[in-house]
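Colleague: I am new to this structure and would be grateful for a guided reading. May I put several questions to you?

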Amino acid sequence: MQMQEHVETMYHDEEQGLTNLLERIYTDGYYRTAYEVQKGVGIGYSLMKLDKASVEKVVRKPWAQDGANFSSRIWKSKADLVNKLHTDLTQAIILGKNPNTLTEGVAKRFDVSKSQASRLVNTEASFIYSASTRDSYKELGVEEYEILATLDNKTSEICQGMDGEHFPLSQYEIGITAPPFHP
């Protein structure tokens, strides 16, 4: 029970930290996009200040094909981890294993979770940044946008294929006509 409590506390803290990070990414992306558009056109526009409720709405909105957002993915990972801990602990007790064996198994599990968490954070951050870009474009009256991919040896075939594509803002759909196109 104590392990489950610690895991829940840890995941709650992780979720709150990610929420704060994604809210900052959205706000920064929104204003940065507005600045770049205004700089490019040479005309200043007045923008309404973003309100916290609007930012939270975008950050918490499920957007991926599986209908989940970062929070639900984190809590699914938590449930998996708690189940793994319970299973490993029960097996260790039944088999009379050294507790260090259990610790090594849990550490291994966290390494996997860290890489998954990294992919999760990067994908969610890209989604939030893309949503902020779309909202800023709408506020500024931008009618068309272009996909610009960094063309290097790390760029996926999907992103390479989208580089230079133009779309009307009305067709802005994250994952289809706007990044991120993949995790």
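Colleague: Leaving aside neighbours within four places in sequence, which residues is Y172 in contact with?

Modeller: This is a predicted model, in which local features need pLDDT of at least 70, side-chain atom pairs count only at pLDDT 80 or more, and totals for chains, interfaces and linings use all residues. Residues are numbered from 1 along each chain as its sequence is written, and side-chain values use heavy atoms, with hydrogens and water left out. Contact here means heavy atoms within 4.5 Å. On that basis, the partners of Y172 are S130, T133, R134, Y145, T177 and A178.

Colleague: Which elements give two or more residues to the largest nonpolar core?

Modeller: A nonpolar core is a set of buried Ala, Val, Leu, Ile, Met, Phe, Trp, Tyr and Cys residues joined through side-chain atoms within 4.5 Å. The largest such core has 27 residues, and those touching the most other members are L22, Y26, I128, Y137, Y145, I147 and Y172. The elements that each give two or more residues to this core are α1, α2 (52-60), α4 (99-140) and α5 (157-162).

Colleague: In what order do the elements of the protein chain run from the N terminus on?

Modeller: Helices (H or I, at least four residues) and strands (E, at least two) are DSSP runs, numbered from the N terminus. The protein chain holds five helices and two strands. Their order is α-α-α-α-β-α-β.

Colleague: Why does A34 count as buried or exposed?

Modeller: A34 is placed in helix α1 (residues 2-41). Leaving out residues up to four places away in sequence, A34 touches L47, S136 and L140. Buried means under 20% relative accessible area, exposed over 50%, and partly exposed in between (1.4 Å probe, protein chains only). A34 counts as buried because its relative accessible area is 2%.

Colleague: Is P183 buried or exposed?

Modeller: P183 lies in the segment after β2 (166-168). Not counting residues up to four places away in sequence, P183 touches R119 and T123. Because its relative accessibility is 68%, P183 counts as exposed.

Colleague: How far apart in space are P183 and S126, C-alpha to C-alpha?

Modeller: Along the sequence, P183 and S126 are 57 residues apart. In space, their C-alpha to C-alpha separation is 9.1 Å.

Colleague: What share of the residues in the protein chain is buried?

Modeller: The protein chain has 183 residues. Of these, buried residues make up 35%.
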